[in-house]
Amino acid sequence: MLNKRFFLYALLSLVVYGVIQGMIFGEVLDDTYVDTLVLIGINIILAVSLNLINGFTGQFSIGHAGFMSVGAYVSAIFTVNLEMNFVLGLLAGCVAAALAGLVIGLPTLRLKGDYLAIATLGFGEIIRIVWLNTDYVGGASGLNGIEKITDWTWTFFLVFATIVIIQNIVNSTHGRALVAIRENEIAAEAMGINTTKYKVIAFVVGAFFAGLAGALHAHYFYIIQPQSFGFIKSFEILVFVVLGGLGSTGGVVLGAILLTVIFTALQEYPDLRMIIYSLILILTMIFRPRGLLGNWSVKKALKKKGGDSHGNTTSA
Amino acid sequence: MDYLVQQLINGISIGSIYALIALGYTMVYGIIKLINFAHGDVFMVGAFVGYYCTMAGMNIFLSLVLAMVVCALLGTLIERLAYRPLRNASRIVILITAIGVSFLLENLGIFTVGPQAKGVPDMINKESIHLFGDAYVDSLQLIVLGVTVLLMILLQYVVHRTKIGKAMRAVSYDMEAARLMGINVNTTITATFAIGSALAAAGGVIWAAMYASVDPLMGIIPGLKAFIAAVLGGIGIIPGAMVGGLVLGIVETGVMAVPGGSLWRDGAAFVILILILIFKPTGLFGKNIREKV
């Protein structure tokens with residue numbers, strides 16, 4: 001981890017952070033730009049964490065917004081209803097989301113492929129319906145009066161931490177186990193990998209960071225409502241990952257940035273925006289099923305020139 | 001007792017719509033192992049065709065037939081443009097494409113007709129028929145049940161007695177072997193999409209008649225529920241989809257009948273899904289198939 005490349009990247013990110021922070025101080029960037037920057041940050045956390053589950057472990061989960069909502073609600077309960085400080089709220093949100101990941105992951109990860117996708121979708125919806133029917137958190141009208149604490153600095157350093165931690169998991173022995181499960185679960189099991197354990201770990205870590213993104217989201221937009229965490233949100237996160245390239249951290253970061261910028265730019269045409277969104281999704285799948293930078297970090301493409309172009313590596 | 005019978009009647013009429021949509025899911029899954037997420041939106045398009053036909057003064061049966069034809073064409077088109085290029089791709093890639101198609105249909109709907117719900121005029125004169133005690137069945141519910149049963153018998157006939165049905169069963173059993181036997185696999189898959197979409201359209205028109213309202217996002221929840229019904233009965237198994245739809249409809253009305261239960265209506269369906277996936281993932285009628293390495 002602590003090699004030359006890591007320090008180079010860290011330095012580069014710090015420069016980017018410094019420049020942008022300077023521009024915010026100098027009022028070169030107004031609030032609209034800051035909004036977009038924070039949104040990009042939150043989306044990167046969501047995309048990178050979902051990528052750990054979908055891209056690296058090959059477990060197709062489409063209930064990520066559910067975990068995000070757990071983080072958002074629990075952190076907001078801590079800061080608003082229990083009047084605790086933000087850091088504690090943030091931590092509570094992450095831990096609660098991770099626990100939700102554990103509770104949901106243990107039974108559902110026995111399922112595979114399509115069935116797992118549908119089960120996670122179902123759980124995501126159940127979480128939303130629970131918030132909708134809980135008066136303590138405002139029911140359908142949502143929880144409001146959340147203090148705005150998230151800013152560019154918080155977002156930047158938490159995004160940085162997320163990427164560093166997940167990259168390290170992926171490049172460790174544990175990460176090899178996750179990729180082995182993705183490539184062939186039965187073979188991985190035969191090699192002595194405890195597949196259930198690793199799948200649950202990936203799920204819990206992914207949920208933890210989704211909770212982090214949710215907590216940041218809650219403390220930026222003043223209000224959280226159950227309907228903003230529906231399965232449309234889950235699909236949105238999925239699109240970041242798929243467009244960027246399943247299993248490539250650099251790719252999904254790029255995907256999250258690109259799509260957030262496009263959607264902010266098209267904000268005035270909300271109808272058209274969603275049509276473009278879906279067309280991007282379909283066309284990417286037909287013409288570039290591995291995403292823009294799919295498998296880029298694995299460098300498989302280099303070894304196997306021209307190889308198959310169907311993205312079979314992610315089949316469950 | 002009267003109350004119970006009344007709830008049962010309501011449950012069966014909503015359940016038969018779920019069953020109609022579920023059939024499309026199950027047929028497509030049976031043949032190319034794809035959860036066609038866009039199916040719920042084909043149902044939506046069917047409901048809209050029904051709405052415009054009624055506005056143009058057609059009666060319910062004519063609207064039904066027209067909606068079925070339009071959606072059969074739509075289903076064919078979707079299969080041709082979005083799914084056929086991906087025939088050999090991994091299943092996750094096709095699944096994501098299906099999600100994309102679903103989004104596209106919903107948002108094209110919002111773009112062309114606007115997001116507001118439209119009120120549908122009465123398609124038939126509703127008459128309540130007194131059964132006994134406090135139990136009533138209205139004429140619309142009878143038509144719903146009649147149409148559903150008729151379509152299901154028709155489907156059984158097509159699948160088990162015609163050449164294309166035989167081809168469908170063969171392709172679903174083993175695509176490669178079917179191709180070797182000279183079956184045109186692509187035509188068969190297209191036919192499956194056409195039939196499934198036509199059934200969804202029928203469900204859509206009936207839904208529009210029952211709830212008197214259509215909007216571009218109306219397909220999402222019934223689509224998901226129908227999918228749950230298909231999984232409940234054992235996905236890929238046609239009688240399973242029918243039973244699953246009816247069971248789901250009855251359970252849902254049961255949950256709504258409990259005081260304070262109406263908010264949990266959608267939750268109940270998802271709880272059923274999770275339970276069935278955990279305890280019997282192959283569904284009520286499914287058989288366990290050993291995975292080969």
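Visitor: Which residues is Lys126(B) in contact with, leaving aside its neighbours within four places in sequence?

Guide: Lys126(B) is in contact with Asp138(B), Ser139(B) and Leu140(B) once those neighbours are set aside, where a contact means that the C-beta atoms of two residues, placed from the backbone, lie within 7 Å. This is a predicted model, in which local features need pLDDT of at least 70 and side-chain atom pairs count only at pLDDT 80 or more, while totals for chains, interfaces and linings use all residues. Residues are numbered from 1 along each chain as its sequence is written, and chains are lettered from A and ligands numbered from 1 in the order in which they are written.

Visitor: Why is Lys126(B) called exposed?

Guide: A residue is exposed if 12 or fewer other C-beta atoms lie within 10 Å of its own, buried if there are 20 or more, and partly exposed in between. Lys126(B) has 11 other C-beta atoms within 10 Å, and is therefore exposed. Lys126(B) lies in the loop between strand S1 (118–119) and strand S2 (128–132) of chain B, strands being DSSP runs of E with at least two residues and helices runs of H or I with at least four, numbered from the N terminus.

Visitor: What makes H6(B) and H8(B) roughly perpendicular to each other?

Guide: Helix H6 (residues 163–173) and helix H8 (residues 185–211) of chain B pack at an angle of about 105°, with their axes 9 Å apart. Angles of 65 to 115 degrees count as roughly perpendicular, under 35 as roughly parallel, over 145 as roughly antiparallel and the rest as oblique, so H6(B) and H8(B) are roughly perpendicular.

Visitor: Which residues of H6(B) meet H8(B)?

Guide: Ile164(B), Ala167(B), Met168(B) and Val171(B) in H6(B) meet residues of H8(B), among them Val185(B) and Ile189(B).

Visitor: How do you know that chain B is as compact as a globular protein of that length?

Guide: Chain B, with its 11 helices and 4 strands, has a radius of gyration of 19 Å, close to the 19 Å that the globule rule gives for 293 residues, so chain B is as compact as a globular protein of that length. The radius is taken over C-alpha atoms, and the rule is 2.2 Å times the number of residues to the power 0.38. Of the 293 residues of chain B, 51% count as buried.

Visitor: How many residues of each chain take part in the contact between chains A and B?

Guide: Chain A gives 35 residues and chain B gives 36 residues. On the side of chain A that touches chain B, H5(A) gives the most, with 11 residues.

Technical notes. Axes are lines fitted to C-alpha atoms, for helices over the stretch in contact, and angles run from 0 to 180 degrees between N-to-C directions.
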